[in-house]
Amino acid sequence: MPVELQTEIEQAVASRRNFAIISHPDAGKTTLTEKLLLYGGAIHEAGAVKARREQRKATSDWMEMEQQRGISITSTVLQFIYNQFQINLLDTPGHQDFSEDTYRTLAAADNSVMLIDAAKGLEPQTRKLFEVCQLRSLPIFTFVNKLDRPGRDAFELIDEIEQELGLQTYAVNWPIGMGDRFKGVFDRRQGKVHLFERRSHGSKAAGDTVIELDDPRLEEYLDSELYHQLKEELEILDEIGAEFDLERVHAGKMTPIFFGSAMTNFGVELFLKAFLEYAQMPESHNSSLGIIEPTYEEFTGFVFKLQANMDPKHRDRVAFIRVCTGKFEKDMTVQHARTGKTVRLSRPQKLFAQGRESLDEAFPGDIIGLNNPGVFAIGDTIYNGKKLEYEGIPCFSPEIFAYLKNPNPSKFKQFQKGITELREEGAIQVMYSTDDFKRDPILAAVGQLQIEVVQFRLQNEYNVETRIEPLPYSVARWVHGGWDALEKAGRIFNSISVKDNWGRPVLLFKNEWNLRQVEQDMPELKLNSIAPVG
Ligand code: GDP
């Protein structure tokens, strides 16, 4: 369609791409983010993202904890423009204890970038986050990082992804050497070699020398051994590798793979260009009215994350909303599907490196931050036009469980209020014993730090000092079919049943082994590792 015939929304959809990076700590997410922003011209000197982290530490409040431990708990959205594309990078918390927030952020993303350290290959957090991407059939682009250091063989890494994740791969580029002998990559799309120019820091965008594969000078540049190795490896790739299939990429069944070194900038721009060509546009979403296309003209969106007190000067809560359709305009009024209330969306914020900027309009694929006067919960839909509700954001299996005790009965009210609000905000999941005498809530977290943050905030924001009594479980499964199904199954060994906040039965197991035992012995019992929000 000629551009002039497109509506404003159609144009916005066509030019937007959003993604989140999934990785294990230390794989280089901060470094890659910084370099992507550098190419997008959003920052001129790399180092700004780290500086932002520092600055954020200085301005946080309950996040004093963050300061004490030097880790990044919060996540924001980084917007930049490259080749006329508006790119939204949904930044996720770096610390693994906060992967529950990361899970939810993936619910707002249309694409994911799986960042892997070439020396380490697949690591635990990457595997977990990969599973979440698969649940949503999210396209996954793989960037193998740190090629400037000795790492594992490229074929071996590809094999690991194929075998262990069951994900077909297509190497878009191929590394030439590694570590001290890293010379560059061969771009299989253009059939050209990009030679790496080693620079000391790589704070500026890297220039590279591009040369044809059959250029006689190549053998000399690479040295004979690497040259012949490259030719041989490319032949093997052509023989054993699958054909590139964009449909399979969009279905999350094939991952385009890129090799490079974020620290030295090498391969980052090649990756960005190819990513923009292959990435999925803002996607349609499933709702109570069926599939809603992003070009639907009414404004709709859903809340995927809430965050309290990001800035002590404001002492507010921010609701992060993924715009699904239509155009968002400052001060517009919308309907809140869960409560039926009309809400005015004032003080919208765009979150960016230097802090908050106000935002006047946003389109499908964008994320907006709204001051949350307590109306929003995770998974809530806001809409104009016909009433609709998007599919909720699921709860994921927590791995750490503990009774939360309030030793001071006079603080009962604050304690209840705090627990309810922190649960609604998604800071933690709350479960209860099926035994009526045990009324203390059970905190169910993905990481230990989540429990500490809840205790810290109860003390600071609600003035309640609490005690923790750890429980010896590490796996939770929701029972399909509810209490009836559970009763029918009879006695289950090595597990206890509790109820989640919506009264649904959840089985807690000490470890995976016990879970597998029960799954084997009782195939009729259907257990789920995720549950929809109640
Ligand atoms: P994050 O925890 O995933 O955000 O990782 P960082 O971006 O903070 O990087 C972790 C460490 O790896 C830092 O010391 C980086 O300087 C280093 N690093 C990141 N990318 C590269 C790379 O391409 N090559 C090398 N040699 N080191 C890298």
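**Close-up 1. Helix α9 lies across strands β7 and β8.** In this predicted model, helix α9 is built from residues 224–240. Its course runs at about 155° to β7. Beneath the title pair, β7 and β8 (residues 184–187) are joined in the antiparallel sense over four bridges. If you would like a landmark for that pairing, look for Pro175, which stands opposite Val185 in β8.

**Close-up 2. Strands β7, β8, β9 and β10 form an open sheet.** Stepping from one strand to the next, the order is β7-β8-β9-β10, and the pairing is antiparallel. Which strands sit at the edges? They are β7, covering 173–176, and β10, covering 209–212, and each of them pairs on one side only. On average, neighbouring strands of this sheet are turned by 25° against each other, with direction ignored.

**Close-up 3. A shell of 16 residues is found around the ligand.** Which of them come nearest? Here you will find Gly28, Lys29, Thr30, Thr31 and Met263. Helix α2, made of residues 29–39, supplies the largest share of the shell, with three residues. Sorted by class, the shell around the ligand holds seven polar residues, five charged ones and four nonpolar ones.

**Close-up 4. Helix α2 meets helix α11.** The helix that gives the ligand shell its largest share also has a helical partner in this view: α11, residues 268–278. Two packed helices are described by the angle between their axes and the distance between the axes. For this pair, the axes come within 10 Å and cross at roughly 75°. The two helices are therefore roughly perpendicular to each other, since crossing angles of 65 to 115 degrees are counted that way. On the α2 side the contact involves Lys35, Leu36 and Tyr39, while α11 brings Val268, Glu269 and Leu272. By class, the contact of α2 with α11 has four nonpolar residues and two charged ones, with no polar residue taking part.

**Overview. The protein has 534 residues, with 15 helices and 33 strands.** This last panel puts the close-ups in context. Buried residues make up 44% of the protein. Among contacts with a separation of 6 or more, 70% are between residues 24 or more positions apart.

Conventions. Residues numbered from 1 in each chain as written. Predicted model: local features only at pLDDT ≥ 70, side-chain atom pairs only at ≥ 80, totals over all residues. Pairing = 2+ DSSP bridges. Axes fitted to C-alpha atoms, helices over the stretch in contact; angles between N-to-C directions. Contact = placed C-beta atoms within 7 Å. Near = placed C-beta within 6 Å. Nonpolar A, V, L, I, M, F, W, Y, C, P; charged D, E, K, R; others polar. Parallel < 35°, antiparallel > 145°, perpendicular 65-115°, else oblique. Buried ≥ 20, exposed ≤ 12 C-beta atoms within 10 Å, placed from the backbone.
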